[in-house]
Structures are given as structure tokens and as C-alpha cells.
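Here are a few exercises to work through with the model open in your viewer. Try each one before you read its solution.

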Amino acid sequence: PEVFIVTSLTDTAAFRGLLPRKLSKVPIIQYMHENQMSYPLNPNIPSFETAKILQKNVIPGYHLNQLLGSDIIAFNSDFHRRDFFNHLDSFLGDHGEKELRKKVHSLKGQAKVIPIGLPFPSKELAPFSERPKRLLWNHRWEYDKDPEFFSSQAQNLLKENSDWQLSILGENKEGHKSLACFDEVKAKFPDQISHFGYLRNRQDYYQAISECRLLPVTSHHDFLGLATIEAMIYGVVPLLPKRLVYPELVPQELHDKLFYESETNDCTKNFQQECEALMVQGLDNQEESLLRSHLSRFKWSAITPQWKEIISSIS
């Protein structure tokens, strides 16, 4: 091989050390889709205290191996790049590693940002005004996406707006076991639930999200936000918290309209008011054009040349 491309599941230093001598000089590109240093831990899991210790004292060393073992490291977002290096800097500072901190700081300036490419619609989408007034959840059914807050707010919105609907999609890592908070919404508003559960057929999934108007995001963890980007690509208007990667996903001109203040005391009130406004108004033609243009960077035609450039630079 002329180059290895390894994922964020690979201990790159160990990988390089185990290669046969004839392959040990082959360049390695480390692609970081995620890291475990800032993943929100669920306090309800039995191993919570152990997980906290590992996250603070062991996992950063693993990610350090990835950085030092690669020739090029690339991240799926600039937020992820900053998060990764900030945690390593803090870890090395706690352990008095001054020279290694300098090395890591120099590598930060060389790190690349290449998002993941996504397929775009092959046919024209239904205009926002012709779609049902339907909310969307299309994330994993897990703690870090804050399904409890989403469910409580969705119940309030469905109660106040009897003509609204809700599609709850996304992968459930617990198998066929639903989340209690989602089951509660389904039980209370059975006539307003359009879809419930994981759709295995990808075209069915795209069809389902293209029939929604609004994606209120409540997540506390996203290094890129593939589900959010997919929804936007298919014409769903997002309502986003001012944290994590989300400010990167929409143009600056739309921040005032598409973000809610998630860290304030009146967060719930603000969230519901913004949902009700966006569900009716959507985006005007100029705003839609701005968002589509911003999202074009996730097309494979935009991303492939970036991969060609970094591969050709080291192979």
C-alpha cells in the first residue's frame, strides 16, 4: 500500500509498531470521526465512577498515541479538532509534560478538517409550505442526545398545537426496547405520531425526513451532527442549541434565527417559542439559498478533492 487511512477506533502508534518492517514507513492518515475524552457519561450506568476515571486518566493517552503515531491527522469538524487538542493539552498539563505539550501544540496547526460526505437528493423536494406541520427526531436513542428534554418539549408542543405531528426516527442501540420518554409521547399522542422507530431502508428514511418541517436539536454531544445535516439537506429547518459543532453547520447570517439559548433559565420558554415561530415561518427564499450553499461543502464532489490532496502530499 502507498498509504494507510485509519479511523478513530485505531491506536495508531500500536498499529505502526506491529507492522512488518517493510510497511513501517508507509504513511498513515488518522481520520477522527469521534473521540472519547468529552463524551457525556450517563450517571445512571453501574460503571459511571470507573468510566470517569478512565475518561480523565487513560483515554487521553490512547488519543495521544493516535496523534503521535500518524503522519497526518484529520477531523470531521473544526469543533472536534479544537475539542481534541484542548483535552490533550489539559491532560498533559496535569501530568507536567511541558515538552510533549509543545509538540502537541505544533501538531494542532498541521491538523486537517475534512467533513464526511453525504448523498444529496436526486429529485426536487416538497416545498416547506406544502409539508405537514411535523417535528422530527432522527438521532440515536441515547443519553447524549437528551431524548428526555426533547420528549417533554414535544409533548407540550403537540398539546398546544393539535394540528402538529411528530416523527421519531433514529437508531436504538438497545435493540427493540424503546425509551420510556418516547413511549410516553406515543401513548399520549397516538394520532399525531407519523413514524416511530428505526427505518432500515435508507430511501424510506430519506422520504420520511423530507416530509418534516422542523428538527429541534437537544443533543449534548455531536462532533459533526450527521443526522442534523441529513435533515437540513432534505429541506428540514433546524432549531439548534448554541454549543458543540452546530454553529459550523449553518451560515452566520442565520444564527439569530436558527439558534435558541440553551444555557439560560428560560431555556424551555425560548425553545418552545422558537419552535412555534419556525414551524409556521420556515426560511424565506434568500435564507434557503444561503443554507443550501453552506451545505454544499458536504457533497462528495467537494470532499473528494480534499482527500486527493492530502493523500498525494504524503504518498
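Keep one cut-off in mind: a residue counts as buried when its relative accessible area is under 20%. Also remember that this is a predicted model.

**Exercise 1.** Find the buried residues of helix α8 and work out how they are arranged around its axis.

*Solution.* Start with the helix itself, which spans residues 202–209. Its buried residues are Tyr205, Tyr206, Ala208 and Ile209. Now look down the axis of α8: the buried residues fall within an arc of 160°, so they line one face of the helix. In general, an α-helix has 3.6 residues a turn, so residues three or four places apart point the same way. Next, check what lies over them: the cover includes β5 (134–137), β7 (193–196) and α9 (226–233).

**Exercise 2.** Which residue caps the N-terminal end of α8?

*Solution.* Go to asparagine 201. One of its side-chain oxygens sits 2.9 Å from the backbone nitrogen of glutamine 203, and that makes the cap.

**Exercise 3.** Describe the largest pocket and then the second largest, lining included.

*Solution.* The largest pocket holds about 810 Å³ of space. It has 30 lining residues, with His139, Arg140, Glu171, Leu226 and Ala227 closest to the centre. Both α8 and α9 give two or more residues to that lining, and α9 has the largest share, with 4. By type, the lining splits into 10 nonpolar, 10 polar and 10 charged residues.

Move on to the second largest pocket, at about 510 Å³. Of its 21 lining residues, Leu125, Ile233, Gly235, Glu288 and Arg292 lie nearest the centre. Here α9 and α13 (285–295) each give two or more residues, and α13 supplies the largest share, 4 residues. The split is 13 nonpolar, 2 polar and 6 charged.

Definitions and conventions: Residues are numbered from 1 along each chain as its sequence is written. This is a predicted model: local features need pLDDT of at least 70, side-chain atom pairs count only at pLDDT 80 or more; totals for chains, interfaces and linings use all residues. Side-chain values use heavy atoms; hydrogens and water are left out. Buried means under 20% relative accessible area, exposed over 50%, partly exposed in between (1.4 Å probe, protein chains only). The arc is that of the directions from the helix axis to the C-beta atoms. Contact means heavy atoms within 4.5 Å. A polar contact is a pair of N or O atoms within 3.5 Å; within protein, one must be able to donate a hydrogen and the other to accept it, and residues adjacent in sequence count only if both atoms are side-chain atoms. On a 1 Å grid over the protein atoms alone, a cavity is a set of points where a 1.4 Å probe fits but cannot get out, and a pocket is an open set with protein on both sides within 12 Å along at least five of seven lines; lining residues have an atom within 4 Å of a point. Grid points are joined across faces, edges and corners, and a volume is the space filled by probe spheres set on the points. Ala, Val, Leu, Ile, Met, Phe, Trp, Tyr, Cys and Pro count as nonpolar, Asp, Glu, Lys and Arg as charged, and the others, Gly among them, as polar.
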